[in-house]
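Trainee: I have a new model open and would like to go through its fold. Can we take it step by step?

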Amino acid sequence: MITHFQFKSLFENKDMPGWHFSFYYNKQKYTGIYHQNGDIQWTSEKPSDELHLKEQIHELMLFHVYDK
């Protein structure tokens with residue numbers, strides 16, 4: 001389960017798409033960049049359960065960013 005999920009805009013103009021995100025999973029911190037097209041660029045070590053986590057990240061971003 002993802003915990004302590006946080007995100008912030010990549011740009012000063014917060015209307016421009018692109019976000020830094022971070023979260024903890026199995027007591028390890030992961031960070032990355034979420035692009036407008038849904039691509040994820042990991043800035044930390046890539047998690048072993050990447051496909052499952054990508055689905056959860058997409059859901060969280062839809063909820064927090066796109067469903068304002």
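Mentor: Here are some short questions and answers on the fold, the core and a few residues. This is a predicted model, where local features need pLDDT of at least 70, side-chain atom pairs count only at pLDDT 80 or more, and totals for chains, interfaces and linings use all residues. Residues are numbered from 1 along each chain as its sequence is written, and side-chain values use heavy atoms, with hydrogens and water left out.

Trainee: Which pattern does the chain follow along the sequence?

Mentor: Helices (H or I, at least four residues) and strands (E, at least two) are DSSP runs, numbered from the N terminus. The chain has one helix and four strands. Read along the sequence, the pattern is β-β-β-β-α.

Trainee: What radius of gyration does the chain have?

Mentor: The radius is taken over C-alpha atoms, and the globule rule is 2.2 Å times the number of residues to the power 0.38. For 68 residues, a compact globule would have a value near 11 Å. The chain agrees with that, at 11 Å.

Trainee: Which elements give two or more residues to the largest nonpolar core?

Mentor: A nonpolar core is a set of buried Ala, Val, Leu, Ile, Met, Phe, Trp, Tyr and Cys residues joined through side-chain atoms within 4.5 Å. The largest one has 14 residues, and Phe21, Phe23, Tyr34, Trp42, Ile57 and Met61 have the most contacts inside it. The elements giving two or more residues are strand 2, strand 3 (28–34), strand 4 (40–42) and helix 1 (50–66).

Trainee: Is Ser22 buried or exposed?

Mentor: Buried means under 20% relative accessible area, exposed over 50%, partly exposed in between (1.4 Å probe, protein chains only). Ser22 lies in strand 2 (residues 19–25). Its relative accessible area is 13%, so Ser22 is buried.

Trainee: Which residues does Ser22 contact, leaving aside neighbours within four places in sequence?

Mentor: Contact means heavy atoms within 4.5 Å. With those neighbours left aside, the partners of Ser22 are His4, Phe5, Gln6, Lys29, Tyr30 and Thr31.

Trainee: What phi does His4 have?

Mentor: Most residues other than glycine have a negative phi. His4 sits in strand 1 (residues 3–9). Its relative accessible area is 59%, so His4 is exposed. Although His4 is not a glycine, its phi is positive, at about 55°.

Trainee: Where is Asn26 placed?

Mentor: Asn26 is not a glycine, yet has a positive phi of about 50°. With a relative accessible area of 62%, Asn26 is exposed. Its place is the loop between strand 2 and strand 3.
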